[in-house]
Amino acid sequence: QPLIEALLASHDSPTNKAAIFHNSLAESILHIAAAEATHQVLLTGGCFQNALLTEKTAARLRHAGFTVFTHQKLPPNDGAIAAGQLLASASRSAH
């Protein structure tokens, strides 16, 4: 919410606002990944149909030492949600 409010109040150009938005999301994803006990991150789902967001996020994560995976055989949108839930569940069960 603070990001959206700041962008709405900003007098930056739409191009700059878009860059701030994408960079902020990528940085937030990096912070979330860093808080987890993993070195692997899967970027998929509807928001990762956005090539710019995917590229910025993957670059930040790789620079921080994460192994990054993106959708290849499953669709990037909601069609892969069940597969992600299954993978997360299996991962928790393995520990």
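## Overall layout

Helices and strands here are DSSP runs, numbered from the N terminus. Read along the sequence, the pattern is α-α-β-α-β-α. That comes to four helices and two strands. The model is a predicted one.

The C-alpha atoms fill a box of roughly 50 × 25 × 25 Å along the principal axes. The chain has 95 residues, and 19% of them count as buried. Its accessible surface comes to about 6,700 Å². Carbon and sulfur atoms make up 60% of that surface.

## Contacts and charges

Take the contacts in the chain with a separation of 6 or more. Of these, 63% join residues 24 or more positions apart.

The charged side chains come in two sets, 6 positive and 6 negative. The centres of the two sets lie 8 Å apart.

## Helix α3: two faces

Helix α3 covers residues 51-63, which makes 13 residues. At 1.5 Å a residue, α3 should span 18 Å. The end C-alpha atoms of α3 are 18 Å apart, so the model agrees with the expected span.

Which residues of α3 are buried? They are L53, T54, T57, A58 and L61. These residues cover an arc of only 120° around the axis, which puts them on the same side of α3. A general rule helps here: an α-helix has 3.6 residues a turn, so residues three or four places apart point the same way.

The face turned away from the buried side of α3 carries the exposed residues E55 and H63. What do the buried residues of α3 pack against? Their partners are helix α2 (14-35) and the strands β1 (40-43) and β2 (67-70).

## A closer look at T54

T54 lies in helix α3. Is T54 buried or exposed? The cut-off for buried is under 20% relative accessible area. T54 has 14% relative accessibility, so T54 counts as buried.

Leave out residues up to four places away in sequence, and T54 touches L43, F48 and T70.

## Helix α4: hardly covered

Helix α4 runs over residues 81-94 and has 14 residues. From first C-alpha to last, α4 reaches 20 Å. That is close to the 20 Å expected at 1.5 Å a residue.

How many of the 14 residues of α4 are buried? The count is zero, and α4 is hardly covered. Helix α3, by contrast, has L53 and L61 among its buried residues.

Methods: Residues numbered from 1 in each chain as written. Predicted model: local features only at pLDDT ≥ 70, side-chain atom pairs only at ≥ 80, totals over all residues. Heavy atoms only, no water. Buried < 20%, exposed > 50% of the residue type's maximum accessible area, 1.4 Å probe, protein only. Contact = heavy atoms within 4.5 Å. Areas by Shrake-Rupley, 256 points an atom, 1.4 Å probe, with all protein chains shown as cover. Lys, Arg positive; Asp, Glu negative; His and termini not counted. Charge placed at Lys NZ, Arg CZ, Asp CG, Glu CD. Expected span 1.5 Å × (residues − 1). Arc of directions from axis to C-beta.
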